[in-house]
Amino acid sequence: MLLKREMQFNKVKEIKILCRPSLAVVMEDVDKISWALSIGIAVASVLLQTCRYKKAIEIFSECLVLLKQFKTEKSTAFFAIVFQRLFDLYCVVGDTKNAIKNGEEAIRIHLQNSDFSDESRFNVEKLLRLLEPLFDFPKGKDYFGKELEIWVKTGNKKELGVILMQIGELHGKLEEFYRAKGFYEKAVETLKEAGVYAFSKLGEALNDLGNYYRIIGDFQNAKCMQYEALVVSECTGNKYEEIMIYRNLGDINTSLEEFDDAEIFYMRALSLSEWMGDKRGEAFTYDSLRGLYDSKKDFSIAGKYARKALEVYTEIGDKGNEGTLNSKLGNLYHFLGRYDEALEFHWRSFSIYEKIGDKIGEGQQYGNLGAVYQSMGDIRKAKQYFERALAINKKTNLALGQGIDYCNLGTVYQLLGEHSRAKEHHEEALEIKKGTGLQDTIPSEYHHLGISRYKNCGQYVQAKDYFEKGLKIAKVVGERSMEGSFLSDLAEIESDTGESEKAKTYFEEALQIFKEVGDIAQEASTLRNLASVYQLDGDLPAAERYLESSLNIIKEIGSKSEESVALGVLGDLYYSKGEYERATHRYQQGLSLAKETNEKRVEAKMYHSLGSCYVYQNDLQKATMSFQQALSCYEMIEDLRGTSVCCCNIASVYFLTNELENVWLYLRKSIKAFEEAQTSIGESEYYKIGFVDKHDGPYQLMVTTLMTLGNFNQALSVVELVRARSLAELMVERYSAPPLPDLDSSQLTDFHHFVRDKNKSCLSFCFVQGDLLFCWCLRAKRETMVRAVKTEDFPVNIRPQGMSTQDWVKNLADQCYRQFSLLPDEQCEDRLLFLRQRF
């Protein structure tokens, strides 16, 4: 055997010598040339079958050079064989350009020579069509349609089944997985009818059908198909098919999180591949083991198997899979927050795909590169790569790829403050993803649409609806990371409406999930959000603990966008402690990063926080400038809530400088934006009341300003107007009641004549500033009496031991009456509104 192989390789050397021009004239024996070519083709074919692709390509290329120099009667047949084999090899190694070039040459020869049967010509056409869809999918479908007609007419069940398989594969390349499944089901049925002589093809069809069942989440049918395929492969003795089936069974068990069973199947596949000397099979199995350990969150071992697979693919010259493994390693390091390494692997992958002409691969890598740059905070560069990815996926008609690209671009536009474009892109992505029928791709779009409705438009009810829909699907399809994201989204809504305990519960649940799945970037974000909630609740030690944990992770992953937000929270912490210089320093650092990453919302927050710091440092000029810059950002991104708070704070500065005309101007702007934001929340009294309760600063300042100007009656009117807002809006929506007046002084209610009985009085309380409780006392035919009472004189939070709640409340009322020199038994209507002070 060894002697025979040595003789064959000596003949290959002879072929190489014949290719030298100086020796060409010596070779005149046509039969000897044909014989040498036959040996060369046979040896190269053996090398192809044993996965030594580089050597096989080298020998076939030598044969091609010899054929071009020596024309014989058999040259045409040899040309067709060599071109077809080179086509096969370049397909295997992923060299698209050379595959198409050699495949088209083979087709041209077959079609020009009537010596070849229709079956032979169609066989080559079918091979070429597998690759051509990378450039013109509809054309590929047309070719298959023509072939299908021919085999239906001839009644050749085996060939009809093969064509149905290839149409199914084409739909698979288009990511039309349900259509692909349908064609494979027809193929299996047809090949079963064809009988024993189509048995080998039946095994392939069952194997592929099982894969499509797995992709769409039908794991039980997937298992059934693979076990059927295993029976067929054992009957036919096709060990290569058996290796694939074991690997596919491992993939199904991995999807079902049956990890022990999955590993058993993978090890069978690996053992059989090593016994067969199937290097490509070994590499595939290493990659499958990478996926297994990735699912188990053991990323160290996952990386080890990925590198093993990459090493084998590089060794055998399989460029396509070499590019794929570089991409997978890039994704792994991106997930782990090691962005520089992620970029290195993604660029390697891109370079390989570009070199071999794999346009789909190029498109995927543009998307991956964009995602890494987005995580690093380089939003402009991310946008540039996402747009390139979308252009390629449109050209190649990849539906799911386009859905992902639209989603990525929507996120970028959101970060850039272009909310209408963000919404358009996410809606387009949702429709495309729904069309693919792949449920696990849909939750992310509900997340992004919810964010656009909540953060950008203040539509809390619609946002919550999106989040809850997405959360439900994420739980069903087992998308744990997305489940955590939706819990975080719901937590932010609760936090914004003052429900801090609910917010903490949601954030803690999300944090646990992110820890379980190993998503450290989301873990850092959630820790930072928890720090913010605890800081607002006044629990500064807890806030500091959470923030420290968040910053440690952020430093590890090197995310500039996350770092800018975390610096803002750290500044808030120092601000709460009264350490305004340290807070200012952190806000300035955060502002610098926010500008670098083009995140307008974060930039606005930093300017706003700097303004607050400058107020307490008594630098009112800098404070006004910072608030104005924040206002410009909020207006640019159409953030009504931010606009309202910012205008209120500008009014506060003017109040301190006694510029009361400007105070009134900005307060009206603030309240207008506030009420627009409240209206956009949706039909939910729960969220509206919570929103008003937490963001009452503009009304508080307006009442304080009116009190300062001596407009006590108008101040009381504003208090009563604000108190009635939520109920009045409900009455307008449900019962068509007339709306409340706005804050125009000519339309505000006059309370002078509300009390007609001279023996009765009406009290209204409003806490508007510091430790003072401003109280109004209305009596018939008398001027309104206003007093400021220190809250420390009212021990409202202390109930004497043994005293009933009823007696305690009665005693508190008596204290109030005594402050106004009223008798305890006088009939009174008690109107109470506590507006908490908030700068």
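This report walks through repeats, loop residues and aromatic rings in the structure above. The model is a predicted one, and residue numbers count from 1 along the chain.

**Annotated repeats**

A good place to begin is the UniProt record. Its unreviewed entry carries the annotation "repeat: TPR" for residues 363–396, 403–436, 564–597 and 604–637. In the model, residues 363–396 are 88% helix and 0% strand, and the C-alpha atoms at the ends of this span lie 9 Å apart. For residues 564–597, the end C-alpha atoms lie 9 Å apart as well, and that span is 88% helix and 0% strand.

**Two asparagines in loops**

Next, have a look at the backbone. As a rule, most residues other than glycine have a negative phi. Asn618 has a positive value, near 65°, and Asn658 has a positive phi too, of about 65°. Where do they sit? Asn618 is found in the loop between helix 31 (600–616) and helix 32 (620–636). Asn658 belongs to the loop between helix 33 (640–656) and helix 34 (660–680).

Are these residues buried or exposed? Asn618 has a relative accessible area of 63%, and because exposed means over 50%, Asn618 counts as exposed. Asn658 is exposed as well, with a relative accessible area of 56%.

**Aromatic pairs**

Now for the rings. Across the whole structure, a search finds 20 aromatic pairs. One of them joins Phe177 and Tyr212, whose ring centres are 6.4 Å apart. Is this pair stacked, edge-to-face or tilted? The planes meet at 35°, and since stacked needs under 30 degrees and edge-to-face over 60, the pair is tilted.

The two partners come from distant parts of the chain, 35 residues apart: Phe177 is in helix 10 (residues 177–194), and Tyr212 is in helix 11 (residues 199–215). Phe177 is buried, with a relative accessible area of 10%; Tyr212 is buried too, and its relative accessible area is 10%.

Ring pairs can also join up into a group. Trp347, Phe350, Tyr366, Tyr373 and Tyr385 are linked in this way into a cluster.

**Charges over rings**

Finally, some aromatic rings have a charged side chain over them. The table lists two such cases.

| Charged residue | Ring | Distance from ring centre |
|---|---|---|
| Lys186 | Phe183 | 5.3 Å |
| Arg348 | Phe345 | 4.9 Å |

In the first row, Lys186 lies over the face of Phe183. In the second, the charged end of Arg348 sits over the ring of Phe345.

How values were computed: This is a predicted model: local features need pLDDT of at least 70, side-chain atom pairs count only at pLDDT 80 or more; totals for chains, interfaces and linings use all residues. Side-chain values use heavy atoms; hydrogens and water are left out. UniProt positions are given in the numbering used here, feature names are shortened, and annotations may be inferred rather than shown by experiment. Helices (H or I, at least four residues) and strands (E, at least two) are DSSP runs, numbered from the N terminus. Buried means under 20% relative accessible area, exposed over 50%, partly exposed in between (1.4 Å probe, protein chains only). Rings of Phe, Tyr and Trp (its six-membered ring) pair if their centres lie within 6.5 Å; planes under 30 degrees apart count as stacked, over 60 as edge-to-face and the rest as tilted. A charge sits over a ring if NZ of Lys or CZ of Arg is within 6 Å of the ring centre and within 35 degrees of the ring normal.
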